[in-house]
Amino acid sequence: MVFKSMWTAWTVKHKPRTLAGVIGNKEAIQKLVEWVKSWDKGIPKKRAAFLYGPPGIGKTVTVEALANDLKMELVEKNASDYRTEKAIQRFAGLASQYGTLFGRKRLILLDELDGITGREDAGGLKAIMNIVKTAKCPIILIANDPYDPRFTALRQLCLMIEFKKPRVREVQRLLQRICMLEGINAEEAALRFIAQRSQGDVRSAINDLQALAQGKKRLTFDDVSWLAYRDRKEKIFEVLRLIFYSRTCDGAKRAVAMADVDLDMLFEWVYENLPYHIRDPQDLAEAMESLAKADLYRGRIRLTQDWKLQSYVIDFMTAGVAMARKRTKPAGWVPLRFPERIKWLSKTKAERELRAAIAKKIKRKCHISATRAIKEYIPYLRIIFENNSEMANKIAEWLDLNEHMKAYLSGKN
Amino acid sequence: MSFEMWTEKYRPKSLDEMVNQSHIVQRLKSFVEAKNIPHCIFAGPPGTGKTTAALCLAHDLYGEVYREYLMELNASDERGINVIRETVKTFARARSMGEIPFKILILDEADNMTADAQQALRRTMERYTETCRFILIANYSGRIIEPIQSRCAPFRFTYLPREEHDKYLMYIAENEKVELLKDGLDAIYEVCGGDLRKAINTLQAAASLGKPVNAEVVYSVVGHANPVDVREMIKLAMKGDFIKARDKLREMIFRYGVAASDIVRQIHTEIFRLDVPEAWKIKLADIVGEIDFRITQGADEEVQLSALLAQLVEAGYQIGKET
């Protein structure tokens, strides 16, 4: 980072200094604290605690806050420090004492255990186990996946403590607190959106918040809704909300980048759900017209193969729809509807195939295209087949129709 | 085996049997006498005898074995450029063995060909004139590119006059021992407007009910043949229920395979029957026209028709405010 002095990561700046500031995982923290305190009464059965859980939920932060609260000396090693057996033995000595020269108690943290690689850190895990077996001070291990087979033996020696994702509300409250400290007036919906998106990864939520809000006085839903689409795929629901409720063109257009479906499929989703969200007659007409325009551009692309035109498709199917919303009041919660027409297409597939096959038979005999036979013969044949089996049988024989086709025409399928 | 669909059973076999379009038949007969025909365009509305005339011409030219000298292609079904390049070319360049040195290729619904395919066709027509003559059949000759039009003798077919229409249907009814009543005949003409294929199919379907064919029978047949009510769909939209109207639309398109162009045409007709202020009718027609154009240009049928329905929703709302 070039401007490091000016730019501090909020994850660092707003890191909790005490356990009280850590969100979620109350039980896990309690268990950990009790275990550490038990060292005062002598070496417990398990000399190491193994904290595990998904990234970004506060495992490391908890240990740091704990050391601070209990006024312990924290010796921290992480993946960049592990190398070989030798490298680990080098700090083995540290673990041989509980009290330090300056009267503080020592706590050893071995973070990012997942980062130990098989070959390069050869013997590293073995060395760690040796330290754990003989430690005279509490050792805390951290990894995302404790069930990695490499940790099997290690697990037996450790007190296993699971850390879980905090709830969305908890993350949202944390973001709110940070905004307050940073002097930002944030819309609740904006923070909820960030919190939901993070799926419990508090670190990424704070990073997102910083990326979007730093230097601003106000943070609105529109500001965040397009949010840095990391590798997490957006749910179509949120994408559609953007299109139906954005107040700016840019806001609506960002939906396309967030969607994890292709443009044609997104179009189907918009087309299906639009009338449930944009209900005022004038708004509806304008929004549907905008969608129809997007479709016109799709047609032009098909015709000319000029993919530059795609940006207009996007304009009309997102921004055009969003801007059409002038009078419609926000609907309450509206369920997401899967594009009916895709359902129809698969539901009626057999029927359509049968109809097409009949049309081909007619074409052979009646000098008419199959396309037009569907309209100019099949409806009349249906009447005949439903009402006059004698005439129907003769026609069926003449046209060489099979039983399925006959059943279709007589409405018995 | 005899023909079981009356449209085929009563299709004239030779030009002599063709009672209508007499000025056209005259010219075609002169081609037969000369044993030579130019490339032709037969243009005109459906059910007026274009395909029949082409088949009769071939029959009279080659005799009973005319099928061996004839190829029928349908541009609606195979309108890609590849059909022109391959099928048409292969047929066109093979020399004919008979007395007449050329064969006939009937290209039906030629106005549905893509512009590219038409360009390809143009060269094929020039190159193989010696061995093959083309009869292009179209509803609208205007949709056929100028260079092709200029190479063809144009024939314009028109709807059958009322007397011809009546004569023909009464002949069929008599032959099939169907009691066709005067008001039934009137109803058929009213509904089919001189489209003889539609008229004959309506008559046959009506006859299948086994009752004397009167107006009531005809209208019920027509009602059944158009199972989903366009009027009902329009009413739903004008009342403001877009979602139900769209469901109806989907039923037509998916369940009954109704072509979008037909739905548009019916909407257009219905609009002038709506109970709305006169000035609105023409406004609505304008909207329908625009959507019709877009669909012709290859836009997505359902999406465009939905946009039309949404406009009707708005129109219904505005009309409600005015009155």
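**Contact between chains A and B**

I began with the contact between the two chains of this predicted model, to which chain A contributes 41 residues and chain B 51 residues. On the side of chain A that touches chain B, I listed the elements that each supply at least two residues, and these are α13 (263-277), α14 (281-304), α16 (340-347), α17, α18 (370-376), α19 and α20 of chain A. The most is given by α14(A), with twelve residues. I then sorted the residues of this side of chain A by type, and they divide into 22 nonpolar, eight polar and eleven charged.

**Helix α20 of chain A**

Since α20 of chain A is among the elements that supply the contact with chain B, I looked up which of its residues are buried. In this helix, which covers residues 389-399, the buried residues are A:Ala392, A:Ile395, A:Ala396 and A:Leu399. I noted that they lie on the same side of α20(A), because the arc they cover around the axis is only 105°. The general rule behind such a pattern is that an α-helix has 3.6 residues a turn, so residues three or four places apart point the same way. On the face of α20(A) turned away from the buried side I found the exposed residues A:Glu390 and A:Glu397. As for the partners within chain A, the buried residues of α20(A) pack against α17 (349-366), α19 (378-387) and α21 (403-409). After the helix comes A:Asp400, for which I read a positive phi, near 65°.

**Helix α3 of chain A**

Next I turned to α3 of chain A, residues 59-69, a helix that is mostly covered, with nine of its eleven residues buried. The buried set runs through A:Lys59, A:Thr60, A:Val61, A:Thr62, A:Val63, A:Glu64, A:Ala65, A:Leu66 and A:Ala67, and I noted that it includes the charged side chains of A:Lys59 and A:Glu64. What covers these residues includes the helix α2 (26-38) and the strands β1 (48-52), β2 (73-77), β3 (106-110) and β4 (139-143), all of chain A. Just after α3(A), I found A:Lys71 with a positive phi of about 55°.

**A:Phe237**

Is A:Phe237, which sits in helix α11 (residues 236-245) of chain A, buried or exposed? I counted 12 other C-beta atoms within 10 Å of A:Phe237, and because a residue with 12 or fewer is taken as exposed, A:Phe237 is exposed. I also looked up its separation from A:Leu336, which is 99 residues in sequence but 6.7 Å in space, taken from C-alpha to C-alpha.

Note on methods:
Residues numbered from 1 in each chain as written. Chains lettered and ligands numbered in written order. Predicted model: local features only at pLDDT ≥ 70, side-chain atom pairs only at ≥ 80, totals over all residues. Buried ≥ 20, exposed ≤ 12 C-beta atoms within 10 Å, placed from the backbone. Helix = DSSP H or I, 4+ residues; strand = E, 2+ residues; numbered from the N terminus. Arc of directions from axis to C-beta. Contact = placed C-beta atoms within 7 Å.
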